[in-house]
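Colleague: Hello! Could you walk me through this structure, one small step at a time?

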Amino acid sequence: MSVHVKEEPVLVPNCDVENTELAVFNGNGESELENFGTCVDEITDRVNQLEQKVVEVEHFYSTKDGAAQTNTSKSNSGGKKIAISQPNNSKGNSAGKEKSKGKHVSSPDLMRQFATMFRQIAQHKWAWPFLEPVDVKGLGLHDYYKVIEKPMDLGTIKKKMESSEYSNVREIYADVRLVFKNAMRYNEEKEDVYVMAESLLEKFEEKWLLIMPKLVEEEKKQVDEEAEKHANKQLTMEAAQAEMARDLSNELYEIDLQLEKLRESVVQRCRKLSTQEKKGLSAALGRLSPEDLSKALKMVSESNPSFPAGAPEVELDIDVQTDVTLWRLKVFVQEALKTANKSSGGTNAQNNNNTGTGEINKNNAKRRREISDAINKASIKRAKKA
């Protein structure tokens, strides 16, 4: 890409953008700068307030199901952390509800049906060995706890049922089976306790099959209800986040308008660049790196959409640019050249040892010469016309 910079042919020595002070305002500059600084600070504070909301919305949509959690997210490249607070589940649930969370809770009718079945088993003539906890010490069963990991008896199950410690019939079913399985595990098959336990377990399983259809129906209904509840909750959360996103969009748009008005106000109070400064700016553009030069041309295209910033060869007329564009270019060029000068020492030493980078430097030098030649040619042409 080659750039031809057009400006009036004025010969001014030592006109260097790098060393030019940015005296922007006419009149009482310090007071106006202070006022503008206050406006910028207020806008910055407002943007910071919106930043956390933006991160929260982004976090919600980036998660799989928008789960309500409190997390920490990096909001920018500086690594600043922002706490993202979303609604938490209620902590006022009882212990019983916390225990049954996520599991089927049997209906009172099903619990009564199971209680009847349990009572029939407990009142069987062979159930007496299983109504109370095993008297390990009295019976001298010294190895009982080595064989049986979790002791259980029908009396303990009855007490737990009466105190509503079970939330569903499957939990009671598991404990009743455990009573008989423990007896069958500890005793030999030929012993009476083993036979009694096996017989009662068989009768219990038969009765259990009778309530299975109702249990399955209840479980399916509860799963459907929980899925619908979760979907409704998700829709509510998404609607809230969508509303927040719209509000954020409107507020950011208002901030953009404020910034645009502030910029226009600043430009109205800015002094215009002198001819000498334009000459210095033209020369400084030729010293920019290709990357910085592309950025500078993009600034021009932002105020002039028809300007072909990405074309292989462009002609930049300094005199037709707006004051805003000229000041933006001036500030940008000044900072870019300062940065380049700071890093030029170490970079040049490294580039001398790198053939590929050396080629890039040659191309950059060639490009700068082309820009400089174009500037000189434009100056000569205008001088002749004059």
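Colleague: Which helix does Q120 lie in?

Modeller: Happy to help, and please keep in mind that this is a predicted model. The helix in question spans residues 108-122, and Q120 belongs to that stretch. Q120 therefore lies in helix 3.

Colleague: Is Q120 buried, partly exposed or exposed?

Modeller: The relative accessible area of Q120 is 41%. Buried would need a value under 20% and exposed a value over 50%. Q120 is therefore partly exposed.

Colleague: How many Å separate the C-alpha atoms of Q120 and K207?

Modeller: Along the chain, Q120 and K207 are 87 residues apart. In space, their C-alpha atoms are separated by 9.7 Å.

Colleague: How are helix 3 and helix 6 oriented to each other, roughly parallel or roughly antiparallel?

Modeller: Helix 3 and helix 6 pack at an angle of about 155°, with axes 11 Å apart. Angles over 145 degrees count as roughly antiparallel. So helix 3 and helix 6 are roughly antiparallel.

Colleague: Which residues of helix 3 meet helix 6?

Modeller: On the helix 6 side, the contact has L154, I157, K158 and M161. By class, the residues of this contact are six nonpolar, no polar and one charged. From helix 3 come A115, F118 and A122.

Colleague: And what is the handedness of the crossing between helix 6 and helix 7?

Modeller: Helix 6 (residues 154-162) and helix 7 (residues 169-186) pack at about 165°, their axes 9 Å apart. The two are therefore roughly antiparallel. Helix 6 passes helix 7 in a crossing that is right-handed.

Colleague: Which residues of helix 7 does helix 6 meet?

Modeller: Helix 6 brings L154, I157, K160 and M161 to this contact. I157 touches residues including F118, M152 and Y166. Across from helix 6, the helix 7 residues are I172, D175, V176 and V179.

Colleague: Which helix supplies the largest share of the largest nonpolar core?

Modeller: That core has 29 residues, and F114, F130, L154, I157, F180 and W208 touch the most other members. Helix 3, helix 6, helix 7 and helix 8 (192-269) each supply at least two of its residues. The largest share, nine residues, comes from helix 8.

Colleague: One last thing: how many residues of helix 9 are buried?

Modeller: Helix 9 covers residues 275-285, eleven in total, and is mostly covered. Among its buried residues are E277, G280, L281 and L285. The number buried is eight.

Note on methods
Residues numbered from 1 in each chain as written. Predicted model: local features only at pLDDT ≥ 70, side-chain atom pairs only at ≥ 80, totals over all residues. Heavy atoms only, no water. Axes fitted to C-alpha atoms, helices over the stretch in contact; angles between N-to-C directions. Helix = DSSP H or I, 4+ residues; strand = E, 2+ residues; numbered from the N terminus. Parallel < 35°, antiparallel > 145°, perpendicular 65-115°, else oblique. Left-handed = near helix turned anticlockwise from the far one by under 90°. Contact = heavy atoms within 4.5 Å. Buried < 20%, exposed > 50% of the residue type's maximum accessible area, 1.4 Å probe, protein only. Core = buried A, V, L, I, M, F, W, Y, C linked by side-chain atoms within 4.5 Å. Nonpolar A, V, L, I, M, F, W, Y, C, P; charged D, E, K, R; others polar. Lists of a residue's contacts leave out its neighbours within four places in sequence.
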